[in-house]
Amino acid sequence: MATAAPSAASRIAVVTGASSGIGAATARQLAAAGYRVVLTARRKDRIEALAEEITKAGHQATAYTLDVTDRAAVDEFATAFKTIGVLVNNAGGALGADPVATGDPADWRQMYETNVIGTLNLTQALLPKLIASGDGTVVVVSSTAGHGTYEGGGGYVAAKHGAHVLAETLRLEIVGQPVRVIEIAPGMVKTDEFALTRFAGDEDKAAKVYEGVAEPLTADDVADTITWAITRPSHVNVDLLVLRPRAQASNTKVHRNL
């Protein structure tokens with residue numbers, strides 16, 4: 001099936017967490033698909049460099065430094081738009097892998113703030129603009145962690161369950177409005193930063209996450225899936241799409257060549 005080109009009214013796509021990984025890859029692919037992408041993240045230098053790269057490739061991109069957990073900043077950001085077509089809530093991440101008994105409440109709080117409250121902030125601020133476009137799409141990038149737990153993942157699992165429920169509830173509440181709500185839930189994705197951030201820069205611990213796994217998903221794999229879902233015809237809503245590498249059967253069962 002051919003992809004649907006964005007209409008003039010819905011051609012702006014806001015991507016959060018666009019400074020690296022899945023967010024950056026999604027921005028590149030949406031730009032190539034004809035969207036004017038608005039890149040948001042806290043790291044100004046990263047998103048400005050990406051915007052320049054996309055522009056040099058002949059597409060349209062704008063960088064906007066933004067912390068999704070800062071509601072006042074998010075509300076100010078939203079005033080820049082009369083309408084937008086797509087919001088990709090990608091900003092998030094994991095911190096630590098301690099059991100519930102010894103997990104750091106500060107890590108749990110930060111994960112909830114970024115993965116859930118950040119998504120809530122952007123969605124609330126931009127939903128009127130998405131409705132005004134007449135053809136809007138909200139994407140929530142959750143995780144397979146939002147659909148099944150595993151030891152050492154309590155805080156991240158709780159946050160991603162929150163993101164999943166947010167998407168599911170929003171879809172029920174706005175049915176009848178010209179806005180789709182899509183959830184993309186990736187499994188094991190190997191990026192430059194996810195595991196390294198989770199383990200506070202410990203390269204050995206980060207490497208063990210992917211040890212022996214022949215082909216984890218890449219950021220481009222997930223971005224391709226997000227872009228595919230967004231570019232379906234307007235009447236087609238991909239409610240929930242779970243993707244994993246072939247080597248991963250579940251959150252706790254992974255084939256490793258060791």
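The following dialogue examines salt bridges and one strand pairing in a predicted model.

Tutor: In this predicted model, local features need pLDDT of at least 70 and side-chain atom pairs count only at pLDDT 80 or more, while totals for chains, interfaces and linings use all residues. Residues are numbered from 1 along each chain as its sequence is written, and side-chain values use heavy atoms, with hydrogens and water left out.

Student: Why is the contact of Arg28 with Glu53 called a salt bridge?

Tutor: The term requires a side-chain nitrogen of Lys or Arg within 4 Å of a carboxyl oxygen of Asp or Glu. The closest N and O atoms of Arg28 and Glu53 are 2.6 Å apart, so the pair meets that definition. Arg28 lies in helix α1 (residues 21-32) and Glu53 in helix α2 (residues 44-56), so the pair ties together parts that are 25 residues apart in sequence. Helices here are DSSP runs (H or I, at least four residues), and strands are runs of E (at least two), numbered from the N terminus.

Student: What makes Lys56 exposed?

Tutor: Exposed means over 50% relative accessible area, buried under 20%, and partly exposed in between (1.4 Å probe, protein chains only). Lys56 has 67%, and therefore counts as exposed. Its salt-bridge partner Glu52, at 44%, counts as partly exposed.

Student: How do you know that strand β6 and β7 pair?

Tutor: Two strands pair if DSSP finds at least two bridges between them. Strand β6 (residues 179-186) and β7 have four bridges, in the parallel sense, so the definition is met. One of the bridge partners in β7 is Leu241, which faces Ile184 in that pairing.
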